[in-house]
Amino acid sequence: MSFAFLTRAFGGGDPAEEVEATAAPARASRRDRRAGRADAVVTEALSQKVLHAFLQNRHQTLVPLTLNLRVLEPAQRDLVIQAMAAAFLAQGRRQDPAPVRDALARISAAEAERQRLDKALAAPLALGDLLDAILDADLGAYAYVASLLAVDQRRRVNQLYLAYLAERLGLAEDVVSSLHRRYRV
């Protein structure tokens, strides 16, 4: 894998210019040819290391590292809170919502968001409509993290709900495992 390949793959220049630039002069000295090969080897090694580092960490850079409600717009915040309420209610048995309120506090919720949570718990949206709205707003990973924080991850029913949610939101398996590692409670 060469630097020219990486340049083309990540939006580099014109391949014809690269061929001209990398073509050796017809009468180069032996020393110049060895130096050119050494540069090519170093460039290729560095290119491979950069690509490897990117592939190893792509989920940390492509998926939100933290869920902070303050950076979302009000309509987006409401969808994330609705997702938390839906996950909590999907457990099936009536429980004290104090852990969900604590999770909401961990993601920088203000008093208005806590009141929205109480309203969402009292009158939840239909799950299909909620998930469609989340997909339209491109908040799949955020909604998944909020749901992850709202439930006891050790219970089987919650694991199944989270698996359904990940599938319905179209989250890749490695993204889901990355989110579970980051938000393990």
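Which side chains meet in a salt bridge with 3.1 Å from N to O, and which residue partners Glu113? Keep that question for the third stop; the tour starts with the whole chain.

**Whole chain**

Load the model and colour it by confidence. This is a predicted model. The mean pLDDT of the protein chain is 80, and 75% of the residues score at least 70. Select helix H2 (residues 15–22), where confidence is lowest, at a mean of 54. Then select H7, where confidence is highest, at 95.

Switch to a cartoon view. The protein chain has 10 helices and zero strands, so the pattern along the sequence reads α-α-α-α-α-α-α-α-α-α. Of the 185 residues, 33% are buried. Among contacts with a separation of 6 or more, 77% are between residues 24 or more positions apart. With the surface switched on, about 11600 Å² is exposed, and carbon and sulfur atoms supply 54% of that area.

**Helix H4**

Select residues 74–89, which form helix H4. H4 holds 16 residues and spans 22 Å from its first C-alpha to its last, close to the 22 Å expected at 1.5 Å a residue.

Show the side chains of H4. The buried residues are Arg77, Leu79, Val80, Ile81, Gln82, Ala83, Met84, Ala85, Ala86, Ala87 and Phe88. To see what covers the buried residues of H4, add other elements to the selection, including H5, H6, H7, H8 and H9.

**The salt bridge at Glu113**

Now select Glu113 and Arg77. This is the pair asked about at the start: the two side chains meet in a salt bridge, at 3.1 Å from N to O. Glu113 lies in helix H6 and Arg77 in helix H4, so the pair ties together parts that are 36 residues apart in sequence. Are these two residues buried or exposed? Both Glu113 and Arg77 are buried.

Add Arg116 to the selection. Arg77, Glu113 and Arg116 are linked in a network of salt bridges. Side chains of opposite charge can pair when their charged atoms come close. The structure holds six salt bridges, and two others are visited next.

**Two further salt bridges**

Select Arg168 and Asp132. Their side chains meet in a salt bridge, again with 3.1 Å from N to O. Arg168 lies in helix H9 (residues 156–169) and Asp132 in helix H7, so this pair ties together parts that are 36 residues apart in sequence. Arg168 counts as partly exposed, at 28% relative accessibility. Asp132 is also partly exposed, with a relative accessible area of 36%.

Move to Asp152 and Arg154. These residues form a salt bridge in which the closest N and O atoms are 3.1 Å apart. Asp152 counts as partly exposed, at 27% relative accessibility, whereas Arg154 counts as exposed, at 71%.

**The nonpolar core**

Hide the charged side chains and turn to the interior. The largest nonpolar core has 42 residues. Select Leu69, Met84, Leu104, Ile134 and Tyr144, the residues with the most contacts inside this core. The elements that give two or more residues to the core are H4, H5, H6, H7, H8, H9 and helix H10 (173–182). Which element gives the most? H4 does, with nine residues.

Centre the view on Tyr144. Leaving aside residues up to four places away in sequence, Tyr144 touches Leu162, Leu165, Ala166, Leu169, Leu171, Val176, Leu179 and His180.

**Two loop residues with positive phi**

The last stops concern the backbone. Most residues other than glycine have a negative phi. Select Ser108, which has a positive phi of about 65° although it is not a glycine. Ser108 sits in the loop between helix H5 (98–106) and helix H6 (111–122). Ser108 is partly exposed, with a relative accessible area of 23%.

Where is Asp138 placed? Asp138 is in the loop between helix H7 (127–136) and helix H8 (140–150). Asp138 has a positive phi of about 60° and is not a glycine either. At 66% relative accessibility, Asp138 counts as exposed.

How values were computed:
Residues numbered from 1 in each chain as written. Heavy atoms only, no water. Helix = DSSP H or I, 4+ residues; strand = E, 2+ residues; numbered from the N terminus. Buried < 20%, exposed > 50% of the residue type's maximum accessible area, 1.4 Å probe, protein only. Salt bridge = Lys/Arg side-chain N within 4 Å of Asp/Glu carboxyl O. Core = buried A, V, L, I, M, F, W, Y, C linked by side-chain atoms within 4.5 Å. Contact = heavy atoms within 4.5 Å. Areas by Shrake-Rupley, 256 points an atom, 1.4 Å probe, with all protein chains shown as cover. Expected span 1.5 Å × (residues − 1). pLDDT = per-residue confidence, 0-100.
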